[in-house]
Amino acid sequence: MRALTIPAYGETSPLTLTELPTPEPGPGEVRVRVEAAGVNPVDPFIRSGGFAAMSTQQLPQVVAGWELAGVVEALGAGVTGWPVGTAVVALIDWVGAPGGTHAEQVVLPADLLAARPDAVAPALAATVPLNALTAHQAVTELHQAAGATVLVTGAAGAVGAFAVQFAAGTGVRVVALAGPEDEQTVRRLGAEIFVARNDEPAAALRAALPDGVDGVVDAALLGESIIDLVRPGGTFVGLTPHSTPSPRPGVATHSLNVHGDGRTLATIMDAIARGELAVREVETYSAAEGASAYARLAKSGRRTGLSLVF
Ligand SMILES: NC(=O)c1ccc[n+]([C@@H]2O[C@H](COP(=O)([O-])OP(=O)(O)OC[C@H]3O[C@@H](n4cnc5c(N)ncnc54)[C@H](OP(=O)(O)O)[C@@H]3O)[C@@H](O)[C@H]2O)c1
């Protein structure tokens, strides 16, 4: 099978389209023939060596990619309910996985799968699992009831746009921090209060929210600079360990590590198919153009998902 491999760690290391052996599913696993795989900020982080100490994958054949859309191709022992040929999507738990999703074939535990509705094309579907499940798990981690106030930073970004929608769906008042050009977008997603991003986002938030908030999903990684906005009893969810502040008296902080969850992903895909959950448009790249997709990530102001088509 063809896979987009990382032969050496480094921020600008070249990506290589390489022929690798076809992986075989073990008990409880399936092999998926990948149609499309999302590209996200975590992938250049993998290329830089950010997960080198934790991953079981070895250079020169490290394969990045956390999410996929494809078709079930082979079943391991004991797998039922996923006939060969079923259209699926999944988020894999990359750190412990034998290989990433930037490959023609991927083996993964069957419980990570969700059916892909016909209405959601593979290239678009492949950009949903990582960001939607991250946002869903972050909002769940806030433990806030209807009526509470929740701030989403980076609200127009990939995780943030889902977080605004999921938080609004729980009945909390959503405050969105995003660039001024994104105000209408994030309001349409469910934000009640909008704070325009500027060079000093923490100061802008403090001025707009003198009474603070009950929860934060910090997709813009503002971390320590905004922890004082959280009222006692509140929760701050960070998306990287280094951007998650230490707890304050009465304020819980949590560094999220997203995990695969086929059951929740299925409800998310169905909501997208019904038009109840908005998704960003997708830019597609061939597997051979992987480096261009990584380069696209580095540019500020991107408002599209990125998908490698195999
Ligand atoms: N822990 C986990 O399990 C997990 C899972 C998924 C993602 N993540 C991480 O979560 C972060 C967000 O991911 P993403 O895919 O949503 O990225 P993204 O699409 O690039 O979104 C980030 C957003 O933050 C905004 N932003 C950046 N710097 C800012 C600042 N100083 N003030 C205000 N807004 C700012 C960006 O605006 P511009 O576009 O205008 O720059 C963008 O809208 C990444 O670091 C990613 O690696 C973690």
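This passage describes the ligand site of a predicted model and then two points of its backbone geometry.

A good place to begin is the site itself. The ligand sits in the largest pocket, and 22 residues surround it. Of these, Val159, Arg197, Leu239, Leu256 and Val258 come nearest to the ligand. By residue class, the shell around the ligand consists of 12 nonpolar, 7 polar and 3 charged residues.

The shell can also be read in terms of domains and helices. Domain 1 (2–127 + 280–309) and domain 2 (131–255) each contribute at least three residues to the shell around the ligand. Among the secondary-structure elements, helix 3 (129–142) and helix 4 (158–169) each provide at least two residues of that shell.

Turning to atomic detail, several backbone atoms approach oxygen atoms of the ligand. In Ala158, a backbone N or O atom lies 2.9 Å from a ligand oxygen. For Val159, which is also listed with the residues that come nearest, the distance from a backbone N or O atom to an oxygen atom of the ligand is likewise 2.9 Å. A backbone N or O atom of Gly301 is found 3.1 Å from an oxygen atom of the ligand. Taken alone, the ligand exposes 920 Å², of which the protein buries 79%.

Two features of the backbone are worth a look as well. Most peptide bonds are trans, and most residues other than glycine have a negative phi. The peptide bond from Leu59 to Pro60, however, is cis, with omega near 10°. Pro60 is placed in the loop between helix 1 (42–47) and strand 4 (62–63). His143, a residue other than glycine, has a positive phi, near 55°. The loop that holds His143 runs between helix 3 and strand 9 (149–153), and helix 3 is one of the helices that supply residues to the shell around the ligand.

Note on methods. Residues numbered from 1 in each chain as written. Predicted model: local features only at pLDDT ≥ 70, side-chain atom pairs only at ≥ 80, totals over all residues. Heavy atoms only, no water. Near = heavy atom within 4 Å. Polar contact = N/O pair within 3.5 Å; in protein donor to acceptor, adjacent residues only side chain to side chain. Areas by Shrake-Rupley, 256 points an atom, 1.4 Å probe, with all protein chains shown as cover. 1 Å grid on protein atoms, 1.4 Å probe; cavity = no way out; pocket = protein on both sides within 12 Å on 5 of 7 lines; lining within 4 Å. Sits in = over half its atoms within 2 Å of the grid points. Helix = DSSP H or I, 4+ residues; strand = E, 2+ residues; numbered from the N terminus. Nonpolar A, V, L, I, M, F, W, Y, C, P; charged D, E, K, R; others polar. Domains from an automatic or database assignment.
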